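Q: Could we go through this structure together? I would like to begin with the contact between the chains and then turn to each chain.

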Amino acid sequence: MSTEHVPDRLAGRYASGDPGIPADELWAVEAHLESCARCRDRLRLMLPARAPEVAALVDGVWAGLLPALHGAAPAPGRRRRRSLAAWLTPAMVPWAGMSLIVAVLAVVFDGAFRGAGAGGGVAVLLAAPVLPVLGVAASWAAGADPMHELVAATPRAGLPLVLRRTAAVLLVLIPILLVAGAWTGVVIAQWLLPCLAFTTGTLALGGLVGVARAAGTLVAAWTVTVPALAATTGQWTAPLRTDVLPVWAGLMVIGAAVVVARRGGHTALAASR
Amino acid sequence: MTRLVGAAELAPAGYAFEVRAAGLRLQAGRRTVVDGLDLSLGTGVHGLLGPNGAGKTTLIRALATVLRPAGGTLEVLGRPATGRTGLREPRRRIGYLPQEFGYYRRFTVREFVEYMAWLKEVPGADVPAATQRAIDRVGLADRADHRMKTLSGGMLRRAGIAQAIVNDPVLLLLDEPTVGLDPAQRVRLRELLQTLGADTCVVVSTHLVEDVAAACTGVLLMADGRLVFQGTPAEIAAAGGPEHPGDSPIERGYAALLARPEPAGGTW
């Protein structure tokens, strides 16, 4: 872009429609006018004297246009909803609400579990691994997201978008569980690792069989394993004891490794149709 | 601001046809829907005709790279669409309107199209202008700030078309875009398709023969997962004679071309 403005003489000739301006100069003048408000304004002031008929035409057009422009609403600057959707889609809102309700219920029922001799925070601990799995499913499964087919065909589809939405799931969930955990006296480490391990597990398995199926499998496995372990060890929180935490860390790392190794996934329609 | 022509716009295409398929086999679930399809599509409006269940939607999904072929080769914009990777670059230049597309009900038309522009990696600074242009082109400017859930069926279709063209695609895939449009809107859509077809490869699937006659430069006729015919609308019309059913030459030609292999399973 040039910083040199149109000389007065040339601008005057241009305003009066002089056909003698060489084509290259004309082109340069017009290119400059497109980008320079100051020169356009100078041109506007010259018009009435140099080309009264053009000035009249412009005034006429403005007179016709102004009422319509006053009627039109300015383009709204509402971009919040779309920026938010880059992370948390509206399809995930019901899940977020459900997580909140589950967390509240877990706190409410905590007293009852304590009464039954199960120890504090059992309900929170048992819910912690399942909630992110459902969140990931809500954010990426074909049946849960109405825009799935449209999104799956876009260049952003794939692991980066899945990770973005997963991050949003965790950002919503962790504060909820943090409050619920603090209320019932559960240490963060005890639920955070299983929670993350199940999240990476869903993504890893989801890359192979589809997120919806992966989520179903993991939730089913959890609901079968916990009572089974409770029956054999007599402890509801057996899989979440502090000495089992390294196992959860290992699972999380394996899940993350599989996700990275199969990062080409999640770019096709989910198989569930 | 002076518009600069970028190197990417001047670069030669590097492919002869926007879509090229050889021996393509596609499956919907476990069922083979398309088998042994050979296809080359260049710039222009290509009508994809065929009876229900002929494999039109499955083929369009494969062209949109959301369905991986089960066999054969498929190149979209010069890139193989058979792998799991390398799709990002061609997808930036593809516009896709599925037969049934979902949307977030609380989004306005503008938010919906802007969200799709973001997903298609349109540069952030260009998103508002590109969105406005796409909405203008489908004639929804007066509804741009209405919520999606308040739109009628025809308006939803047009919003769908707006999201498909928001990234100025080189390959535009429209699956049944005329469903739900009234006659006047269909005429407008045909005009839009003709404009776009000047420099874009447009593939329009439809079962309305008159759409093809009016708007398309080429016709693909599919039946039972195979390509029965590829040519111009005039050639289809020429294939029919007075003995074939139909109200217009192109309908008679359609009936004639489909009648050759006797369709199984009833008169419909």
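**Chains and domains in a two-chain model**

A: One salt bridge is found by the rule across the interface of chain B and chain A. Please keep in mind that this is a predicted model.

Q: Which residues form a salt bridge there, and how far apart are the closest N and O atoms?

A: The partners are A:Glu149 and B:Arg61, and their closest N and O atoms are 2.8 Å apart.

Q: And how many residue pairs are in polar contact across the interface of chain B and chain A?

A: The rule finds 10 such pairs, counting those in which both residues have pLDDT 80 or more. On the side of chain B that touches chain A, at least two residues each come from H3, helix H4 (109-119) and helix H5 (127-137).

Q: Which of them gives the most?

A: H4(B) does, with 8 residues. Sorted by class, the side of chain B that touches chain A has 17 nonpolar, 7 polar and 15 charged residues.

Q: OK, how much area do the two chains bury between them?

A: About 3,500 Å² is buried between chain B and chain A, and carbon and sulfur atoms account for 59% of it. Three residues, B:Arg84, B:Tyr104 and B:Trp118, supply 21% of the area that chain B buries against chain A, which is more than any other three residues.

Q: Why quote an area at all?

A: The accessible area lost when the parts come together is often used to give the size of an interface.

Q: How many residues are in contact on each side?

A: In chain B there are 39 residues in contact with 37 residues of chain A.

Q: Changing topic: what is chain A made of, helices or strands?

A: Chain A has 13 helices and 0 strands. Along the sequence, its pattern is therefore written as α-α-α-α-α-α-α-α-α-α-α-α-α, with the helices taken as DSSP runs.

Q: What is its radius of gyration, next to that of a compact globule?

A: Chain A has a radius of gyration of 32 Å, whereas a compact globule of 273 residues would have one near 19 Å. Along the principal axes, the C-alpha atoms of chain A fill a box of roughly 100 × 40 × 35 Å.

Q: Which domains does chain A have?

A: The domain assignment gives domain 1 (8-71) and domain 2 (80-261) for chain A. The centres of these two domains of chain A, taken over C-alpha atoms, are separated by 64 Å.

Q: And how is chain B divided?

A: Chain B has domain 1, made of 15-93 + 171-179 + 200-260, and domain 2, which covers 99-168. The C-alpha centres of these two domains of chain B lie 25 Å apart.

Q: How many residues are in contact between the two domains of chain B?

A: Domain 1 of chain B has 11 residues in contact with 8 residues of domain 2 of chain B. The area buried between these domains is about 820 Å², with 46% from carbon and sulfur atoms.

Q: How many salt bridges are there across that one?

A: The rule finds 2 across the interface of domain 1 and domain 2 of chain B. In addition, 6 residue pairs there are in polar contact, both residues being at pLDDT 80 or more.

Q: Which elements of domain 1 of chain B give two or more residues to the side that touches domain 2?

A: They are helix H3 (88-91) and strand S7 (171-175) of chain B. S7(B) contributes the largest share, 3 residues. By class, this side of domain 1 has 4 nonpolar, 1 polar and 6 charged residues.

Conventions: Residues numbered from 1 in each chain as written. Chains lettered and ligands numbered in written order. Predicted model: local features only at pLDDT ≥ 70, side-chain atom pairs only at ≥ 80, totals over all residues. Heavy atoms only, no water. Domains from an automatic or database assignment. Contact = heavy atoms within 4.5 Å. Buried area = accessible area lost by both parts, 1.4 Å probe. Salt bridge = Lys/Arg side-chain N within 4 Å of Asp/Glu carboxyl O. Polar contact = N/O pair within 3.5 Å; in protein donor to acceptor, adjacent residues only side chain to side chain. Helix = DSSP H or I, 4+ residues; strand = E, 2+ residues; numbered from the N terminus. Nonpolar A, V, L, I, M, F, W, Y, C, P; charged D, E, K, R; others polar. Rg over C-alpha atoms; globule rule 2.2 N^0.38 Å.
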